[in-house]
Amino acid sequence: MVVEEFQSQGCSSCPPATANVNALAARPEVLALSYAVTYWDQLGWKDTFAAPAFTQRQWDYAHYAGRGNVATPQVIVNGRSAIVGGNRDELDQLLAKEGSPDGGPAITPGGGTVTIGLGKAPQPATVWLVRYDPTVQWVAIRAGENNGRKLPHRNVVRELVALGDWNGNAARFDLPAAKQAGLSSAVLVQIAKGGPIVAARRV
């Protein structure tokens, strides 16, 4: 199960959702990922983890689903269902409803590559490499809405790389070297760029 949070250190509504996603990161059946977006940076505090690629990923989800805007916090499960994420009961109910992606191709890592197996692809899918920091990072906020707070972040995404497309045939992709030491990696197979995630695996 893939749980992706879009948040900003400058957003006063984000800490409850971030706390929920941090807790989910401890569950082995959940791949919890935290993306820091850039559109809060001009409002008093520049997020220390934010990158335009992460903001674009949230917009890709919005465009695929027909939403005309983005906001934080937002939690998206398996690339399909989006909620605010601050209510733990609501989030747990969504996780129980979604379950893990099924029916997708096998993902097999090995020797600096990853192989995506045979499967059905209703549309061309994007193969993503996600690299994230599995440790808890405490950030002291010194301006903006969260000024004076020290906030914990876990599984913060540091790299998001589109390895290529998958169309149902088996395909192998090279895994580029990480730009930062100590990161964990996962591969996602996702319809289009903002559609459902049909397969995921830590590599």
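In this predicted model, the face of helix H3 that is turned away from the buried side of H3 carries the exposed residues Asp 89, Gln 93, Ala 96 and Lys 97. The buried residues of H3, which spans residues 88–98, are Leu 91, Leu 94, Leu 95 and Glu 98. These four lie on the same side of H3, because the arc they cover around the axis is only 100°. The cover over the buried residues of H3 includes two elements from the earlier part of the numbering, strand E1 (2–7) and helix H1 (14–24), together with strand E3 (74–77) and strand E4 (81–83).

Both ends of H3 can be described in detail. At its start, the backbone nitrogen of Asp 89 has a side-chain oxygen of Asn 87 within 3.0 Å. After H3 comes Gly 99, with a positive phi near 65°.

The chain then enters the loop between H3 and E5, where Asp 102 is placed. Asp 102 counts as exposed because its relative accessibility is 67%, the cut-off for that class being over 50%. Between the C-alpha atoms of Asp 102 and Ala 125 there is a separation of 15 Å, the two residues being 23 residues apart along the chain.

Beyond this loop the description turns to a sheet. Three strands form an open sheet in the order E5-E6-E9, and their pairing is antiparallel. Strand E5 (107–110) and strand E9 (171–174) are the edge strands, each pairing on one side only. From one strand to the next, the twist averages 20°. Strand E6 comprises residues 113–116 and is joined to E5 by four bridges, the two running antiparallel. Ile 107, for instance, has Ile 116 of E6 as its bridge partner.

The last topic is the nonpolar interior. The largest nonpolar core has 17 residues, of which Leu 31, Leu 33, Tyr 35, Val 130, Val 157 and Leu 188 touch the most other members. Two or more residues of this core come from each of E1, strand E2 (31–36), helix H2 (52–65), strand E7 (125–140), strand E8 (150–166) and strand E10 (184–191). What surrounds Val 157, once its neighbours within four places in sequence are left aside? Val 157 is in contact with Leu 33, Ser 34, Tyr 35, Phe 54, Val 130, Arg 131 and Tyr 132. Apart from the largest core lies another, of 14 residues, including Ala 125, Trp 166, Ile 191 and Ala 199.

Methods. Residues numbered from 1 in each chain as written. Predicted model: local features only at pLDDT ≥ 70, side-chain atom pairs only at ≥ 80, totals over all residues. Heavy atoms only, no water. Buried < 20%, exposed > 50% of the residue type's maximum accessible area, 1.4 Å probe, protein only. Arc of directions from axis to C-beta. Contact = heavy atoms within 4.5 Å. Polar contact = N/O pair within 3.5 Å; in protein donor to acceptor, adjacent residues only side chain to side chain. Pairing = 2+ DSSP bridges. Axes fitted to C-alpha atoms, helices over the stretch in contact; angles between N-to-C directions. Core = buried A, V, L, I, M, F, W, Y, C linked by side-chain atoms within 4.5 Å.
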